[in-house]
Amino acid sequence: ELTSLDEEMAGSDFWNDRRRAEEVTRRARELRDLTQPWGQLRSRVDDLAELHELSADENDAETLSDLEKEVADVTEALEKLEFYSLLSDEDDPKDAILVIHSGAGGTEAADWAEMLMRMYGRWIERQGFTSEMMDLQPGDEAGIKGATIEVKGSYAYGYLKAEAGVHRLVRISPFDANKRRHTSFASVFIYPDVDAIPDVELRDEDLQIDVYKAGGAGGQHVNKTSSAVRITHLPTGITVNCQNERSQLKNKGTALKVLTARLYDHYKQEEKKKMEVVESTKKSIDFGSQIRSYVFQPYQLVKDHRTGHESGNVQAVMDGDLDGFIQAFLSADQSV
């Protein structure tokens with residue numbers, strides 16, 4: 001693929017179609033970022049093999065000892081590259097849009113959604129990624145009804161796509177005076193962050209734009225001005241809301257960005273005819289449809305129902321230790 005892209009970029013008319021040129025340039029860069037480390041690692045292995053042969057011939061114990069550390073470093077680098085090889089979809093290198101919605105459970109679910117938002121925030125920090133809150137809808141009493149977060153970092157979408165689905169919490173409720181055990185649900189959606197949709201034009205006549213007063217806790221400006229924006233894409237019925245900013249114009253811009261990402265994902269999944277496409281899923285945010293369960297009481301366990309991967313260190317998971325779950329999902333997805 002990289003060879004064909006290089007040939008296309010070498011053409012005299014390459015920049016006549018700027019959008020196509022930018023897409024090809026981006027894809028070529030992504031492929032080089034993926035293949036160059038393998039070439040560098042191969043060179044290191046060849047050098048180590050040659051140095052080992054010379055040291056063994058000369059019985060150089062000190063150099064042989066140093067080589068052990070080098071081999072360990074190369075092995076670690078190899079494991080990282082093997083993990084990256086699981087991220088082979090063209091959208092995997094992109095930034096991501098992370099959407100969290102509280103589900104069945106009222107205040108309990110709203111609090112759980114906020115806990116998930118914190119968990120992903122910690123994971124984002126661990127990865128060295130950056131994030132920006134695009135929209136936040138506070139809960140009526142506690143927690144959040146929903147949040148939309150832009151996550152920027154290499155392969156952010158490739159990693160986070162493993163988190164899409166319903167997340168289930170079992171715990172003793174801090175909101176229940178009788179200290180009973182409650183089950184709560186929240187959904188997570190992940191979309192690749194894109195600027196445009198190939199071969200699809202967002203026409204004004206296809207968009208229904210409504211403005212309304214923002215609701216929920218949020219300061220004195222809430223409910224005084226119609227700054228919140230709702231955009232509906234009429235051909236697909238996909239709707240996006242944004243009320244995070246005081247400016248109606250800013251909310252409209254953010255809503256359009258999220259709508260573009262969701263439509264890109266919708267059309268891509270439609271082309272692939274995947275039955276599990278996120279937008280057409282019939283699963284409710286309720287019991288029986290979860291991808292992962294987080295049990296705080298009567299015992300502590302986080303278990304992914306798709307892969308069987310689990311961890312007894314609930315606190316570490318809630319502090320963003322998700323790599324084991326993500327790697328297990330990507331490995332299982334690759335084998336399908």
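In this predicted model, strand β4, which spans residues 165-172, contains His167. This residue is buried, since its relative accessible area is 0% and the threshold for burial is under 20%.

The side chain of His167 takes part in two polar contacts described here. One leads to the backbone oxygen of Glu163, reached at 2.9 Å. Another joins the side chain of His167 to that of Tyr294, at 2.8 Å. Tyr294 also appears among the residues that His167 touches once those up to four places away in sequence are set aside. The other residues in that set are Trp112, Leu116, Tyr120, Ser184, Phe185, Ala186, Val188, Ile291 and Arg292.

A separate topic is the sheet built from strands β6, β7 and β8. Strands of a sheet pair through backbone hydrogen bonds, in either a parallel or an antiparallel manner. Here three strands form an open sheet in the order β6-β7-β8, and their pairing is antiparallel. Strands β6 (207-212) and β8 (238-242) stand at the edges and each has a single partner strand, so one side of each remains without a neighbour in the sheet. On average, neighbouring strands of this sheet are turned by 15° against each other, with direction ignored.

The pairing of β7 with β8 can be followed at the level of residues. Strand β7 comprises residues 228-233 and is joined to β8 by five bridges, the two strands running antiparallel. Within this arrangement, Val229 stands opposite Cys242 of β8.

Technical notes: Residues numbered from 1 in each chain as written. Predicted model: local features only at pLDDT ≥ 70, side-chain atom pairs only at ≥ 80, totals over all residues. Heavy atoms only, no water. Pairing = 2+ DSSP bridges. Helix = DSSP H or I, 4+ residues; strand = E, 2+ residues; numbered from the N terminus. Axes fitted to C-alpha atoms, helices over the stretch in contact; angles between N-to-C directions. Buried < 20%, exposed > 50% of the residue type's maximum accessible area, 1.4 Å probe, protein only. Polar contact = N/O pair within 3.5 Å; in protein donor to acceptor, adjacent residues only side chain to side chain. Contact = heavy atoms within 4.5 Å.
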